[in-house]
Amino acid sequence: MSLLEVAGVNVQEAGVPILKDISFAQQEFQNIAIAGETGSGKSTLLQTIAGLVQPAAGQILFEGQRVRGPQERLVPGQPGIAYLSQQFELPQFLRVEQVLKYANQLSAEEADKIYEVCRISHLAKRRTDQLSGGERQRIALAKLLVTSPRLLLLDEPFSNLDMVHKNILKAVIHDISEELGITCTLISHDPLDTLSWADEILVMRAGQLIQQGSPALIYRQPVNEYAAGLFGSYNLLSAAQARALSTLPGIAVNGKSLLVRPEDFKLAPAGVPAFAGTVQAVTFFGSYHEVKVMLSDGLITLRTGATQVKRGDTVAVSVSPEAVWYI
């Protein structure tokens, strides 16, 4: 039995469809990330799973029991599911240890482990108005974890954090899964947050689930250009623009557009099947260079490590047939 089953869920607000026939399942200890543009329904989906939004149709089962919406419960929310919203709040002017004590349902030893996982043990004596944004978020997370949830829903947990606090929180979320054994679902706009963490990704658009699968599948074989753009830069060449690529072994121009990620184009050494182009620009990004190359029928972008090419150079470019996806 799945930990979570979402079946045909529809949500409306003032008669306007927000979620449209959403269905998926989540297994225990399976990390799921939800991606989509702003307004695609991601937060509403998490809130519906948490029992905070009433579905107009369909049902949600958590550990085999139906999740009841706010119209069916005096106090909204589903026992065993914790939801950390983007607008989390902490009581003002209390010490951290007081905030956590009021919420705690665990033994002192179990609670201390959660405080260690959340990297907040050293903050116990501080007042909530003396914390940074990243510290406040980890306190709010610990406040949820001491209620012993089995499913944790995180709504844009990395937004508005600087790189230091973001990296700390990413380590915390990893440890929540690995050390505490809590299943997690999160929303993030940053592909680096989702691709490296999730076991499965759900892609949403306009309230609909348009693709789901492993991070590798979503990244390499997006269902359309919208899905491709959510997970990084890409080249999309029309059939006419891709004529140069058809000279390479294993690549066919079959009336479809060709999608290639920038890192999959290579500056080819002599003797490797390739096509010619002229360098238009070279930009340094620290760990790689981004090179824009004009082909006979269009402009492509490739990424490479150390390079000596410069604007105006003629270069040979190659790509593996396995790296080309037809849309």
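A residue is taken as buried when its relative accessible area is under 20%, and as exposed when that area is over 50%. By this yardstick, buried residues account for 46% of the 327 residues in the protein. The structure discussed here is a predicted model.

At the level of the whole fold, the protein contains 18 strands alongside 8 helices. Its C-alpha atoms fill a box of roughly 70 × 45 × 35 Å along the principal axes. Among contacts with a separation of 6 or more, 66% are made by residues 24 or more positions apart. The accessible surface of the protein is about 15,600 Å², and carbon and sulfur atoms contribute 50% of it.

Turning to charge, the protein carries 32 negative and 28 positive side chains, with the centres of the two sets 4 Å apart. The structure holds 13 salt bridges, and a few of them are worth a closer look.

One of these pairs R66 with E72, whose side chains meet at 2.6 Å, N to O. Both partners fall between the two cut-offs for burial and exposure: R66 counts as partly exposed because its relative accessibility is 41%, and E72 counts as partly exposed because its value is 32%. A second pair joins R126 to E135, with the closest N and O atoms 3.5 Å apart. Here the surroundings of the two partners can be read separately. R126 is partly exposed, with a relative accessible area of 29%, whereas E135 has a relative accessible area of 14% and is therefore buried.

A third salt bridge connects K166 and D193, where the closest N and O atoms are 3.5 Å apart. This pair links distant parts of the chain, since K166 sits in helix α5 and D193 in helix α6 (residues 191-195), 27 residues apart. Both K166 and D193 are buried. They also belong to a network of salt bridges that links K166, K170, D190 and D193.

What, then, of a charged side chain that is buried yet has no salt bridge? E156 is such a case, and the nearest side chain of opposite charge, K42, is 4.9 Å away. A salt bridge requires a side-chain nitrogen of Lys or Arg within 4 Å of a carboxyl oxygen of Asp or Glu. E156 lies in the loop that runs between β7 (151-155) and α5 (163-178). Leaving aside residues up to four places away in sequence, E156 touches K42, Q86, I187, S188 and H189.

Terms used. Residues numbered from 1 in each chain as written. Predicted model: local features only at pLDDT ≥ 70, side-chain atom pairs only at ≥ 80, totals over all residues. Heavy atoms only, no water. Helix = DSSP H or I, 4+ residues; strand = E, 2+ residues; numbered from the N terminus. Buried < 20%, exposed > 50% of the residue type's maximum accessible area, 1.4 Å probe, protein only. Contact = heavy atoms within 4.5 Å. Areas by Shrake-Rupley, 256 points an atom, 1.4 Å probe, with all protein chains shown as cover. Lys, Arg positive; Asp, Glu negative; His and termini not counted. Charge placed at Lys NZ, Arg CZ, Asp CG, Glu CD.
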